[in-house]
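I wanted to go through this chain with a notebook open, putting down each thing I looked up and what came back. The entries follow the order in which I asked.

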Amino acid sequence: MVTTFKINYFWEKIDMKIHDISKSNSILNHFLHQIRDESIQSDRMKFRRNIERIGEILSYEMSKTLEFQTKKFHTPLSASSYESLNEEIVVCSILRAGIPLHTGVLNYFDDADSAFVSAYRKQSETSEDDFDIVVEYLSSPNLEDKTLVLVDPMLATGLSMLNVLKALKKVGTPKSIHILSVIGAQPGIDLVSNYLPEHAHLWIGSIDERLNEKGYIIPGLGDAGDLAYGKKM
Ligand SMILES: O=P(O)(O)OC[C@H]1O[C@H](OP(=O)(O)OP(=O)(O)O)[C@H](O)[C@@H]1O
Ligand SMILES: O=c1cc[nH]c(=O)[nH]1
Ligand SMILES: [Mg+2]
């Protein structure tokens with residue numbers, strides 16, 4: 001059993017835009033295979049690096065929808081112009097598993113600010129199949145009118161993401177919200193989608209079949225945080 005609760009969110013209840021990147025074949029599918037395959041995923045450095053590479057791909061796809069502004073510059077031979085990113089981006093990751101994905105996003109958005117929020121599943125003391133989401137730590141710049149890029153590799157029940165969005169309300173209302181995730185399942189996507197505004201986007205590597213009775217994504221990859229950093233107590 002998975003514990004659920006309602007959050008009275010301040011945004012309108014309209015679906016966000018979902019971009020499932022694995023729908024078209026690309027090198028992304030190779031990285032997804034490597035993080036899922038139990039004969040490959042136990043190489044921790046490779047696992048973290050593949051999550052990072054997926055973060056780079058999702059960032060590139062997301063960048064196509066951002067706002068750019070024409071600016072002038074000079075080559076050694078002539079005047080020219082280019083399209084410069086015209087958004088103040090804050091990348092926020094959910095600890096722990098969000099860290100390699102965060103690095104991947106910063107690899108492309110050099111000047112972005114960063115925020116960090118902790119959220120973890122705490123085993124219920126009364127039932128082996130129940131868990132609560134604990135949010136203990138938040139470090140963030142002011143998000144007012146910023147472009148919030150919220151990253152977490154796994155979007156399972158969606159409860160971690162919702163609790164983090166609730167915690168972020170304290171630090172301002174972003175101009176737009178992009179959620180970047182590696183693997184998700186429909187229940188989590190639906191839950192988050194119900195609470196986010198129309199202008200929110202989800203950039204996701206793969207939408208898997210279902211959740212198991214412990215709230216893990218099937219086929220999924222197992223526990224992303226443990227695969228990246230080892231088992232916790
Ligand atoms: O959608 P949900 O059902 O909330 O599950 C997703 C959460 O689970 C994982 O973190 P986890 O709680 O395992 O913490 P960790 O990163 O410290 O391993 C993952 O990184 C998400 O934050
Ligand atoms: O499948 C899942 C679900 C939540 N967290 C994970 O790391 N994996
Ligand atoms: Mg974990």
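The entries below run from the whole chain to its core, then to the backbone and the ligands.

**Entry: the whole chain**

I note at the outset that this is a predicted model. I counted the secondary structure and found six helices and 14 strands in the chain. I then looked up the radius of gyration, which is 18 Å, close to the 17 Å that the globule rule gives for 233 residues, so the chain is as compact as a globular protein of that length. The C-alpha trace spans about 70 × 45 × 30 Å along its principal axes. Of the 233 residues, 37% are buried. I also checked the contacts with a separation of 6 or more, and 67% of them join residues 24 or more positions apart.

**Entry: the annotated domain**

In an unreviewed entry, UniProt lists residues 25–230 as "domain: Phosphoribosyltransferase". Over residues 25–230 I read off 32% helix and 32% strand, with the end C-alpha atoms 31 Å apart.

**Entry: helix 3**

How many of the eleven residues of helix 3 are buried? Eight of the eleven are, so helix 3 (residues 98–108) is largely enclosed by the rest of the structure. I listed the buried residues as Gly-98, Ile-99, Pro-100, Leu-101, His-102, Gly-104, Val-105 and Leu-106. They pack against helix 2 (44–63), strand 4 (89–95), strand 9 (147–151), strand 11 (176–185) and helix 6.

**Entry: the nonpolar core**

Which members of the largest nonpolar core touch the most other members? The core has 57 residues, and the ones I was after are Val-91, Cys-92, Val-149 and Leu-180. I followed up two of these residues, and then one of their contacts.

Val-91 has its place in strand 4 and is buried, with 26 other C-beta atoms within 10 Å. Setting aside residues up to four places away in sequence, I found that Val-91 touches His-102, Val-105, Leu-106, Phe-109, Ala-112, Ser-114, Val-149 and Val-151; His-102, Val-105 and Leu-106 are among the buried residues of helix 3. I also took a distance from Val-91 to Lys-72, which is 19 residues apart from it in sequence, and the C-alpha atoms are 28 Å apart in space.

For Leu-180, again leaving aside neighbours within four places in sequence, the contacts are Gly-55, Leu-58, Met-62, Leu-101, Val-105, Val-149, Val-151 and Trp-203. Val-105 and Val-149 thus appear in the contact list of Leu-180 and also in that of Val-91.

Met-62 is found in helix 2, and I count it as buried because 22 other C-beta atoms lie within 10 Å, where 20 or more are needed. Beyond residues up to four places away in sequence, Met-62 touches His-178, Leu-180 and Trp-203. The C-alpha atoms of Met-62 and Leu-138, 76 residues apart along the chain, are separated by 25 Å.

**Entry: backbone details**

I looked up cis peptide bonds and wrote down two of them. The bond from Leu-95 to Arg-96 is cis, with omega near -5°, and Arg-96 is found in the loop between strand 4 and helix 3. The bond from Ile-218 to Pro-219 is cis as well, with omega near 0°, and Pro-219 has its place in the loop between strand 14 (217–218) and helix 6.

Asp-145 has a positive phi of about 60° although it is not a glycine. I placed Asp-145 in the loop between strand 8 (138–139) and strand 9. Is Asp-145 buried or exposed? With 12 other C-beta atoms within 10 Å, Asp-145 is exposed, since 12 or fewer is the cut-off for that class.

**Entry: the ligand surroundings**

Around ligand 1 I find 21 residues, the closest being Ala-97, Ala-156, Thr-157, Ser-160 and Gly-225. The elements that give two or more residues to this shell are strand 6 (120–123), strand 10 (154–155), helix 4 (159–168) and helix 6 (224–229). By class, the shell around ligand 1 divides into eleven nonpolar, six polar and four charged residues.

Ligand 2 is surrounded by Ala-97, Met-154, Ala-156, Tyr-216, Ile-217, Gly-220, Asp-223, Ala-224 and Gly-225. I sorted this shell into six nonpolar, two polar and one charged. Ala-97, Ala-156 and Gly-225 are found around ligand 2 and are also among the closest residues to ligand 1.

How values were computed: Residues are numbered from 1 along each chain as its sequence is written. Chains are lettered from A and ligands numbered from 1 in the order in which they are written. This is a predicted model: local features need pLDDT of at least 70, side-chain atom pairs count only at pLDDT 80 or more; totals for chains, interfaces and linings use all residues. A residue is near a molecule or strand if its C-beta atom, placed from the backbone, lies within 6 Å of it. Ala, Val, Leu, Ile, Met, Phe, Trp, Tyr, Cys and Pro count as nonpolar, Asp, Glu, Lys and Arg as charged, and the others, Gly among them, as polar. UniProt positions are given in the numbering used here, feature names are shortened, and annotations may be inferred rather than shown by experiment. Helices (H or I, at least four residues) and strands (E, at least two) are DSSP runs, numbered from the N terminus. Two residues are in contact if their C-beta atoms, placed from the backbone, lie within 7 Å. A nonpolar core is a set of buried Ala, Val, Leu, Ile, Met, Phe, Trp, Tyr and Cys residues joined through C-beta atoms within 7 Å. The radius of gyration is taken over C-alpha atoms; the globule rule is 2.2 Å times the number of residues to the power 0.38.
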